[in-house]
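Me: I'm new to reading protein models and would like a close look at one small part, then a walk outwards from there. Could you take me through it slowly?

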Amino acid sequence: MKAQLLQMTTPDGPFTVIAQDGVVLSSGWTGNPGELTGQIHPSLRPGTLETVTGLGEISSAVEAFYAGDPAPAMGVPVRQVSGPFRAHAWDVLRLVRPGQPVTYTQYAELAGNPKAVRAAASACAFNAAALFVPCHRVIRTDGSLGGFRWGLPIKQSLLAREAA
């Protein structure tokens with residue numbers, strides 16, 4: 001199985017996307033594709049990566065995000081595999097509005113199970129498609145950032161960009 005590898009420069013540093021047929025399999029703020037391939041479910045993991053200079057709608061969505069319009073990223077197709085709660089929780093993340101972060105507790109409620117706060121946090125932790133599935137929009141109840149695979153400075157930058 002062959003996939004495309006796109007590396008872009010953003011104000012938050014290098015941003016890399018692994019996609020197949022216009023669908024994001026994994027993405028994040030790294031210049032090292034190896035940090036992304038392990039996040040892809042084994043049933044979707046590509047055997048080879050072809051470096052490309054653009055990915056149409058995907059590239060445009062990243063550029064739009066950094067130009068101040070986060071909406072196009074929510075329309076980019078993403079493929080992730082997991083159990084029913086986590087898969088649903090990832091879909092719900094795409095409905096959290098930019099500039100209006102939710103707490104992990106609120107996120108669990110939005111995902112349909114108010115008692116599943118740890119499962120909701122786990123959905124964020126195992127999200128392979130950063131930016132396109134905006135786990136950065138989930139914060140702790142006390143207003144602190146919580147965690148973020150790509151580092152808290154990037155999470156803070158993304159939230160500040162969306163709040164502007």
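In which strand is the place of Thr16?

Reply: Happy to! Keep in mind as we go that this is a predicted model. Thr16 sits in strand S2, which covers residues 13-20.

Let's start with how covered Thr16 is. Its relative accessibility comes out at 0%, and buried means under 20%, so Thr16 counts as buried. The Thr16 side chain also has a partner: it reaches the backbone oxygen of Thr30 at a distance of 2.5 Å.

Now look at who else is around. If you skip the neighbours within four places in sequence, Thr16 is in contact with Leu5, Leu6 and Gln7, with Ser26, Ser27 and Gly28, and with Thr30, Gly31 and Leu36.

From here we can step over to a helix, because strand S2 is one of the elements that the buried residues of helix H2 pack against. The others are strand S1 (2-10), strand S3 (23-28), helix H3 (71-74) and helix H7 (152-163). H2 itself runs over residues 57-66 and is mostly covered, with 7 of its 10 residues buried. If you want to click through them, they are Ile58, Ser59, Ala61, Val62, Ala64, Phe65 and Tyr66. Here's a handy bit of background: an α-helix has 3.6 residues a turn, so residues three or four places apart point the same way. Just after H2, have a look at Gly68, which takes a positive phi of about 105°.

Next, a pair of cysteines. A disulfide is a covalent bond between the sulfur atoms of two cysteines. Are there any here? The count comes to 0 disulfides. Take Cys124: the closest cysteine sulfur belongs to Cys135 and is 5.5 Å away, which is too far for a bond, since the cut-off is within 2.5 Å. Seen from the other side, Cys135 is in no disulfide either, with the sulfur of Cys124 as its nearest cysteine sulfur. Both cysteines are tucked away, though: Cys124 counts as buried at 10% relative accessibility, and Cys135 does too, at 9%.

Finally, the empty space. The largest pocket holds about 170 Å³. Its lining is made up of 15 residues, and those nearest its centre are Gln39, His41, Val81, Trp90 and Phe126. Sorted by class, the lining has 8 nonpolar residues, 5 polar ones and 2 charged ones.

How values were computed:
Residues numbered from 1 in each chain as written. Predicted model: local features only at pLDDT ≥ 70, side-chain atom pairs only at ≥ 80, totals over all residues. Heavy atoms only, no water. Buried < 20%, exposed > 50% of the residue type's maximum accessible area, 1.4 Å probe, protein only. Helix = DSSP H or I, 4+ residues; strand = E, 2+ residues; numbered from the N terminus. Polar contact = N/O pair within 3.5 Å; in protein donor to acceptor, adjacent residues only side chain to side chain. Contact = heavy atoms within 4.5 Å. 1 Å grid on protein atoms, 1.4 Å probe; cavity = no way out; pocket = protein on both sides within 12 Å on 5 of 7 lines; lining within 4 Å. Points joined across faces, edges and corners; volume = space filled by probe spheres on them. Nonpolar A, V, L, I, M, F, W, Y, C, P; charged D, E, K, R; others polar.
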